[in-house]
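Thank you for sending this model over. My comments are set out below as numbered points, to be read alongside the sequence and coordinates.

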Amino acid sequence: MSNDTRKSRRALVDGLFATAGDGSEVRLVISRCAACGAQSFPARTVRCAACSSAELVEAESAMDGTLYSWTATPRGGVPDSTMPLVVGLVNLASGLTVQGILADEADALTIDAKVTGCVIEHGVDEKDGATLLGYGFRLARCEEAAS
Ligand SMILES: [Zn+2]
């Protein structure tokens, strides 16, 4: 490969999410308790919060769910950004409730709206120019369900 000019992309925080396929399928990295079945996100590594068992297994959770609630707040300190930061709580089909950034504008959101996972860009690392990525949610559109 000659003179690769593609910018690198990496997770802002390791171990929170994984992508599959062409990168458009986003899954959360969770822990599941082998003793009681409780799930945790972020993944727990020492003891189960429900039963204190140390038998924790790393697993992945699909990010399909419904929007429980959300809020929008100005992005303080982000240059050139007039968009508010929209953060919501999502009840995942897997049973977990997870907080995450929403990619859609607040005006487009409704309680119980179907959402799915996506990758959100959090800016650029000043040291090496890599784009920093995190997980987020976006509205699940009808045309995607049909394809
Ligand atoms: Zn447990």
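The points that follow go from the chain as a whole to one hairpin and then to one glycine.

1. The model is a predicted one, and the remarks here should be read with that in mind. The chain holds ten strands and one helix, and, read along the sequence, its elements follow the order β-β-β-β-β-β-β-β-β-β-α.

2. Of the 147 residues in the chain, 20% count as buried. If one takes the contacts between residues at least 6 apart in sequence, 48% of them join residues that are at least 24 apart.

3. Strand S2, residues 17-20, pairs with strand S3, residues 25-33, in the antiparallel sense, and four bridges are found between the two. One of the residues involved is Thr 19, whose bridge partner in S3 is Val 26. S2 and S3 form a hairpin with four residues between them, and in that turn Gly 21 has a positive phi of about 60°.

4. Is Gly 136, which belongs to strand S10 (residues 131-139), buried or exposed? Gly 136 is buried, because 24 other C-beta atoms lie within 10 Å, where the cut-off for a buried residue is 20 or more.

5. Which residues does Gly 136 touch, if those up to four places away in sequence are not counted? They are Gly 100, Ile 101, Leu 102, Ala 103, Cys 118 and Ile 120. For Leu 102, the separation from Gly 136 is 34 residues in sequence, while the C-alpha to C-alpha distance is 5.8 Å.

Conventions. Residues are numbered from 1 along each chain as its sequence is written. This is a predicted model: local features need pLDDT of at least 70, side-chain atom pairs count only at pLDDT 80 or more; totals for chains, interfaces and linings use all residues. A residue is buried if 20 or more other C-beta atoms lie within 10 Å of its own, exposed if 12 or fewer, and partly exposed in between; C-beta atoms are placed from the backbone. Two residues are in contact if their C-beta atoms, placed from the backbone, lie within 7 Å. Two strands pair if DSSP finds at least two bridges between them.
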